[in-house]
Structure formats: structure tokens, C-alpha cells
Amino acid sequence: TVTLLFHFDAQGFIDTVSAESRYREVDGSQVATPWQGRFWEYQSRDGMLIPLAGEVAWLLEAGPQPYWRGRFERVEYEYTE
């Protein structure tokens, strides 16, 4: 089970998503660590407003340690009927 906290900007877009503890591997052991994803550059794709850029980081005592930064180049949706 995971609990995520969503923060929205003034326009109502998701600004950050955070968790008090997500597990990461440290020297072969799983360690619960605060985690955060940040998202920006919202644009409409196939009728949905989505962020095209983002970053995900562990929130360590020394400061955020990003482990993914990226941009979405292509988006495909598969809708259920």
C-alpha cells in the first residue's frame, strides 16, 4: 500500500506528488525514504491535459537526489470500452 499527497498549482495542475516513504535500495537493503515527483509544461494531447516534463527524486537529508528527469515525446492512449 502506498499513500501519495498531491499538490496543485494556482491553475489546478499537479505541481508535485509526494510520499512519506517509498523503498529504495541502499547497500542491498530496502530503506523507506521520502519521495517526490515534480511535473510541468502541461499541454493538451488527444484531448487530455498532461505534463510533458518532470523529475522524480528521493528527499534525503542532504537535499533532493533526482533519479529520473525526462520529457514525454509521444503519448498513446488505450481506452477501455
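Biologist: Is Tyr77 buried, partly exposed or exposed?

Modeller: This is a predicted model, where local features need pLDDT of at least 70, side-chain atom pairs count only at pLDDT 80 or more, and totals for chains, interfaces and linings use all residues. Residues are numbered from 1 along each chain as its sequence is written, and side-chain values use heavy atoms, with hydrogens and water left out. Buried means under 20% relative accessible area, exposed over 50%, and partly exposed in between (1.4 Å probe, protein chains only). At 26% relative accessibility, Tyr77 is partly exposed.

Biologist: How do the rings of Trp58 and Tyr67 pair: stacked or edge-to-face?

Modeller: Rings of Phe, Tyr and Trp (its six-membered ring) pair if their centres lie within 6.5 Å; planes under 30 degrees apart are stacked, over 60 edge-to-face, the rest tilted. The count by this rule is four aromatic pairs. For Trp58 and Tyr67 the centres are 5.3 Å apart and the planes differ by 25°, so the pair is stacked.

Biologist: Which residue forms an aromatic pair with Tyr77?

Modeller: The pair is tilted, with 35° between the planes. Centre to centre it spans 5.9 Å. The partner of Tyr77 is Tyr79.

Biologist: Which strands does the salt bridge of Arg71 and Glu41 tie together?

Modeller: A salt bridge is a side-chain nitrogen of Lys or Arg within 4 Å of a carboxyl oxygen of Asp or Glu. In this pair the closest N and O atoms are 2.9 Å apart. Arg71 lies in one strand and Glu41 in another, so the bridge ties together parts that are 30 residues apart in sequence. Strands are DSSP runs (E, at least two residues), numbered from the N terminus. The two are S5 (residues 63-71) and S3 (residues 29-45).

Biologist: Is Glu55 buried or exposed?

Modeller: Glu55 meets Arg69 in a salt bridge, 2.5 Å from N to O. Arg69 is exposed, with a relative accessible area of 61%. At 12%, Glu55 is buried.

Biologist: Which residue stands opposite Phe6 in S2?

Modeller: Phe6 lies in strand S1. Two strands pair if DSSP finds at least two bridges between them. S1 (residues 5-8) and S2 (residues 14-26) pair in the antiparallel sense over four bridges. Opposite Phe6 stands Val17.

Biologist: Which residue in the turn of the S1 and S2 hairpin has a positive phi?

Modeller: The hairpin has five residues between its strands. The phi in question is about 90°. The residue is Gly12.
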